[in-house]
Structure formats: structure tokens, C-alpha cells
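Colleague: I should like to learn how to read a protein structure feature by feature. May we begin with contacts between residues?

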Amino acid sequence: MTITEQALREVALSRPEYDQIVELLGREPTPVELGMFGAMWSEHCGYKHSRPLLSKFPTESPRVLQGPGENAGVVDIGDGLGAAFKIESHNHPSAIEPYQGAATGVGGIVRDVFTMGARPVALLDSLHFGPQSSPRNRYLLSGVVGGIGGYGNCLGIPTVAGDIFFADSYSANPLVNAMCVGVVRHEMIMRARASGPGNLVVVVGADTGRDGIHGATFASVDNPEDSHRGVVQVGNPFLEKLLLEACLELLETDYVVAMQDLGAAGLTSSIVECASSGGVGIEIDIAKVSRREAAMNAYEVMLSESQERMLVIIREDGLDAVREIFDRWDLHSDVVGTVTDDGMVRILEDGEIVANVPATYYTDECPTYVRPSIENPDTIELRAFDPDVLQDLAHDELESALLELLRSHNVCSRERVTRTYDHTILSNTVVPPIAGDAAVIRIKGTGRGLAMKTDCNPRYVFLNPRKGGMHAVAEAARNVACTGATPVAMTNCLNFGNPEKPDVYFQLEQAVSGMADAARSLSTPIVSGNVSLYNETNGVPVLPTPVVGMIGVLEDVGRSCGMAASAGDELLLLGTQVATLGASEYLAVRHTTIAGDPPDIDPDFEGRLQELVIGLIEQGIVTGTHDTSEGGLLVSISEMLIAGGTGATIDLQALLEVNGGRLDRAAFGEAASRVVVSAPVGMADEIVAKARAADVPVVRLGQVEGPTLNVLGVSQMQVSELAGAWRGGLDD
């Protein structure tokens, strides 16, 4: 039988990949086997283009309890506790149905965390949309934010941090990345590794329906618009809450051998991954799987991505006790199969074998590709642009430029979004959204805290992928350090276009290299993550967006720091003084140009700066900290003043001198490794001494006082007017 190209495209397989399957099996695959291969060999599940690159990432440190390869990574946070965390994408579903696409993205990442035995304690989201001048983009933003809030709030998990970025390339292909953090006792960490022939395979939770079929393959092709709405799952957060509590209770017993959520590719991925990682086989009969629609066949059951389902491998003698727990939580469960010792994944339908393939064929034999890597000449030309050829900003233009930047969508307040989320649930949030560079939550029962943040500047990655990848790691770590926490580990979500195009593969390859170097230098291993490729529409890719999710540990959560400047304090700039307008928000807003080379970055220097800032916070020397990112120094200072409800008098003369006398670069240029601190006047001399001892440049900027931002010799502005522009940006 000759399979058609249309049939192969339906399962996202190429002709050579199909031929490889035939060679492995020594026969043509059955329809169910073909669907399962399509799912497991998809980019979403098989990481065909990214797996060779991901080996560059550092994954180990003394804190790492579980690295990549499980549902989530786990790091030691002290007191016998671990933080389990991971980030994943739900980009393509959210482009079609934004509310359910985002909601089920939250549901999926939460299951990844509690499958590890961890209780989820915080959610984060990294969102990227097209310009809000478009009604369609406003609809996508509203739907996605509603879905995240609707699902997370119902689960009782606070959404405490994230980031949002706007650019034209995301108009038809928004990026929706959800991250979850949980806490687990070391001895309770659970893995998805089946073992023990004769042990029972149990599916618990929602009945299986037709929603989500081909979801994994749909996320692995270059034109999701060809698909249909049925591919988007529909979530039920109240059922997920029951599933969460039941599974955590179940893990307190000794009956559980392995646990795996039914996410992308549903039953297929869960049983294949459990069998393959455990070196065993699994046999299931789909007749035993409860279905919402009786007419569903084996192909549909195996590839359904219906939400709120979990696969649990249990000891046979524990079945009654396990069912008692599920019944108490009003959850339906089915024993659908057993663990075998032959290494085969065997699927039966009405007693007939419809799939019988070694588990490792789906995983270990998945092909990988190293594509041609060539930078786009247009990008090289854009990067070569020198922003200093532009006319400098006149003194009387400073106020209008600052207002314009504070109002811009990549700088302005995210309160319109964050007020949709309940960050107070569980009563752990110490530094809430917007109040600091990262969120901080307390770990109940200890004096410790966890800081967390997602970050990425896609413009930097677009114009210089390697440098942009380094910036993504460094800024996420810097955000965490600005709360007083020591960055300890990270997760990432690599959002790129079609990797079969040489210029896109170049972006992916170089960004990964930059991220790996920065992570290694900052001692922040990558313990989990996700890859989302083929993010493009009509052949136009999104900006390369390698989102970093960073977590840090505070030994004393009572010493955490926010960004607010306090009246009477002195402002100081720690770190880099020479800035650039290359790839800056200023250039994009004032000159509608995305061009120039992003700021240089030295990871070793970045590490020294972060260590200095953490030490100053631990010693109680500073009262507010804020790194400078999009918009540069004056934007950072304005945000600190707005948060503190006060003004300041500052002197930019020293920065003007090192920036060639250019006001635009001194005020709005961007640079790596810079943090503005607010400190009592009596502490300023000590900060200067400590900075010099750490070989970190320091500039005394001025005094926090009055109702205005007074830039000496240049301009004086009412902070209330700056606050109005910043708070109203997303409402414009």
C-alpha cells in the first residue's frame, strides 16, 4: 500500500520518516501506529530539530534534584524541600481559540508540576501579541488573559509574575507560555518511569473525547490556520482541582509506581514515555477507557488530548485503596492495562491488536536534524545600523520622549492584565506583580522565600541571536537578584519559526549557544523546558523568542526588596554606564526602527553585579532596586518614583560624558548589567565602597524628594503626569 502525501501531512510526517518507520517495523504501520508515530515524532513531542542543540545547556549543580527528562525539573531550596518548575507553550491553540487555548495551557503545566509530587504554589505567564491597534489582537489579548485568570483563579493558584511584549510579527501567531512552580519534599518526588510487570495502568479524571486530536502534530506544522477549531481542548479547572488534590493524597501512600499526565498526544505519549523511561512494556485495551462518545475508535482514543486526565501506574495490591481515594474526590478511574516485561507498547481494540511497537521506537528512534544555518543578510544589514547618525534629543524634547516611552505598550503598567489574576490566593505572595522586578512568595513553615520571573527581549534576539539569548538569561537572573534572591536554576521555552529555513535555524542555534554560555557563567542550570517551533503565518515567522523562567532562593523572605524609591533616599546606578540605542525601545517608539546591535554583555561582570545587589539587600543597605531594561535609565527611575509616590532630583552629567554627550543615549539608551538602587543617604558612601570593592562602576544620581522628576539643567516633570501615562498605556 502506498500512503498518500495528504495522509502523511495529517500526522506531520515526511516521506523519509515514513520510510524509516517501515524499515524499523519491517512492515507497513497500522493506522493507529502511524498516528502514534506522528504524535511522538512531531516537533512538539520528539524535539527533532532542537534535541541536538539542547545538549549545549548546563543541567547540573549541587542543587539539582531532577534535571531535564521528567515532567518538571526540581531543585533543592533548603529544609528538605524542592522547587519543581517548568514552562510550556500553548501558542497554536491560543491563536485559534484564545480563552481555551490559554486556559488549557495553564492546566497542562500545573499537571506537569503536581505529577512530580509537588503542590503548585505559583503561576507565571509570558505573553506576546501583535499591536493593540488591531481589533483581532485586542481580542487575542483579552481572551488569553481571561483564560489564564479563569483557570488559575479557579484552581486556587496565584498568578504572580510574567512578561508581555508587543510586536507586529505576533499578530497572527501570539505566544502564550505558561509556567508553574510547586514545592515538594525531597522524599516525595515522583517520576514517570513505569516498572514492575503486572502492575496496573490506571487512567483517572475526565472521560476521553475527541477534543485535541492531532494537537501535538498541529503544533508542529508551519500553518496552523489549515487546522480546525476541534483541535483546541476545553478545560475544566474544577475537575483539575479534584485531580490535583487526589493525586497528591495518593502519593502519600506507597502504592504509586509512576505518574504521568495526559498532555500533548494524550494516552500515546503518557504510556510510551512511562514504558520507554522505565525500560518496560505496557499493554492497554481501549475498550476499558471511559469515553464521552461511544463511537470513538482506537485511533481517536490514543490521540485525544482531552484535559484533566492522569495516568497512574500502581501496584496490583493497592487497587482498592487507590480507588477509594479517587472515589472520595469524586473522580472516575479505569484500569486500562498492565505493565509488561517485553518492552512493547501494545494497544488492543475489541480484543484485536491494533498497535504493537517497541516503546523505544517512538522515543529513541525519533529522527533528529541539524539544518543548514545561515544568517539572513537583511538582519546583518539592520544590525550594522549606527543609531548615533540620528539627531540627538533636544532638552525641550525630554519630557515628551519620556511620556511617549512610559505610554508605549512594551513599557507601560501591566495592571490591566494583572488585576485579572488573583495573586493573593494561598496568602504566600510577599512581592506581588508590578511591585518588584520579580515576584516573591514565602515558603510556609520556613523562613525562606522563592523569587521568580520570566523574561526575554525578542528584538535583541532578532538582531543578534547569540547576544539576545545571553540577555534573556542575564535579565531574568537580574530581576530575581533585585528582590534579594540568589538565582539558582531556570526553565525555558524556545519559540521560533520554521527551523527548516536556514535563517530561522541560525536564530535557534545561536540563541541556544548564548543562553547556554550565560547560564553556565551565572550558575543557573536549565532543569526543564519546552520547544515551540513553526510559529509563523503565511511564511512570516515571529521574532525569535527564547523565554527564560528563572527562580531564586531567599534565605530570609523578610528581607525581600521591591522597586519603590523612598522619599529622602539617594539614587545610585550600579553597573554599566555606556548605553546604546541599538535594538532599543526608544528607537522603536521615537523612530519606528528596529535596528542596530543590542548592548554588549559580559556574563562574568553580570554575576559580580548580581552578587553585589543581593548582598546590599541582605544587609538592609538599600530600600528599593530596579534593573534598567526597555526604555533605559529614565524609564527605570520613573517606575521607581511612581511605585514610591515621590519625585527626585537627578544629575545626568556623568552619564552624558561617557555617552558622547548624547542625551538620548544617557536617558533612554539600553545596557546590560545595570541596577538603580534607592538607599538612605547615610548608606550611600558604604554602597560606593562596596561597589568599588566588587569592581562594579557606581554613579550617584541624586536625591528622592518632592513631587517632580527634576533632571538638572534639562527638564522638570510632574511625577503624577508620568504615572498617568504609564498606568494608562494599555488603555490607549
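Modeller: Certainly. Contact means that heavy atoms lie within 4.5 Å. Please keep in mind that this is a predicted model.

Colleague: Which residues does glycine 105 touch, not counting residues up to four places away in sequence?

Modeller: Glycine 105 touches His90 and Ala178 on that count. Glycine 105 itself lies in helix α7, residues 98-114. Another residue to compare is asparagine 91, which is 14 residues apart from glycine 105 in sequence and 8.8 Å apart in space, C-alpha to C-alpha.

Colleague: Does glycine 105 count as buried or exposed?

Modeller: Buried means under 20% relative accessible area. Glycine 105 has 11% relative accessibility, so it counts as buried.

Colleague: How should I read a sheet?

Modeller: Strands of a sheet pair through backbone hydrogen bonds, either parallel or antiparallel. Here, six strands form an open sheet with mixed pairing, in the order β1-β2-β3-β6-β4-β5. The edge strands, β1 (64-66) and β5 (159-166), each pair on one side only. On average, neighbouring strands of this sheet are turned by 25° against each other, direction ignored.

Colleague: How many bridges join strand β4 to β5?

Modeller: Seven bridges join them, and the two strands run parallel. Phenylalanine 129 has phenylalanine 166 in β5 as its bridge partner. Helix α7 packs on this sheet, touching β3 (81-89), β4 and β6 (175-185), and its direction makes about 25° with that of β6. Helix α8 (residues 135-155) lies across β4, β5 and β6, and runs at about 180° to β4.

Colleague: What is the strand order in the open sheet of seven strands?

Modeller: The order is β23-β25-β22-β26-β24-β27-β28, again with mixed pairing. At the edges stand β23 (624-627) and β28 (715-718); each has a single partner strand, so one side of each is left without a neighbour in the sheet. Neighbouring strands here are turned by 20° against each other on average, direction ignored. Within this sheet, β24 (residues 648-650) pairs with β27 (residues 708-711) in the parallel sense over three bridges. Threonine 649 has asparagine 710 in β27 as its bridge partner.

Colleague: Finally, how is a pocket described?

Modeller: One may give its volume and the residues that line it. The second largest pocket has a volume of about 790 Å³. Its lining comprises 32 residues, and Phe166, Ala167, Asp168, Arg459 and Ile594 lie nearest its centre. By type, the lining residues divide into 13 nonpolar, 12 polar and seven charged.

Terms used: Residues numbered from 1 in each chain as written. Predicted model: local features only at pLDDT ≥ 70, side-chain atom pairs only at ≥ 80, totals over all residues. Heavy atoms only, no water. Pairing = 2+ DSSP bridges. Helix = DSSP H or I, 4+ residues; strand = E, 2+ residues; numbered from the N terminus. Axes fitted to C-alpha atoms, helices over the stretch in contact; angles between N-to-C directions. 1 Å grid on protein atoms, 1.4 Å probe; cavity = no way out; pocket = protein on both sides within 12 Å on 5 of 7 lines; lining within 4 Å. Points joined across faces, edges and corners; volume = space filled by probe spheres on them. Nonpolar A, V, L, I, M, F, W, Y, C, P; charged D, E, K, R; others polar. Buried < 20%, exposed > 50% of the residue type's maximum accessible area, 1.4 Å probe, protein only.
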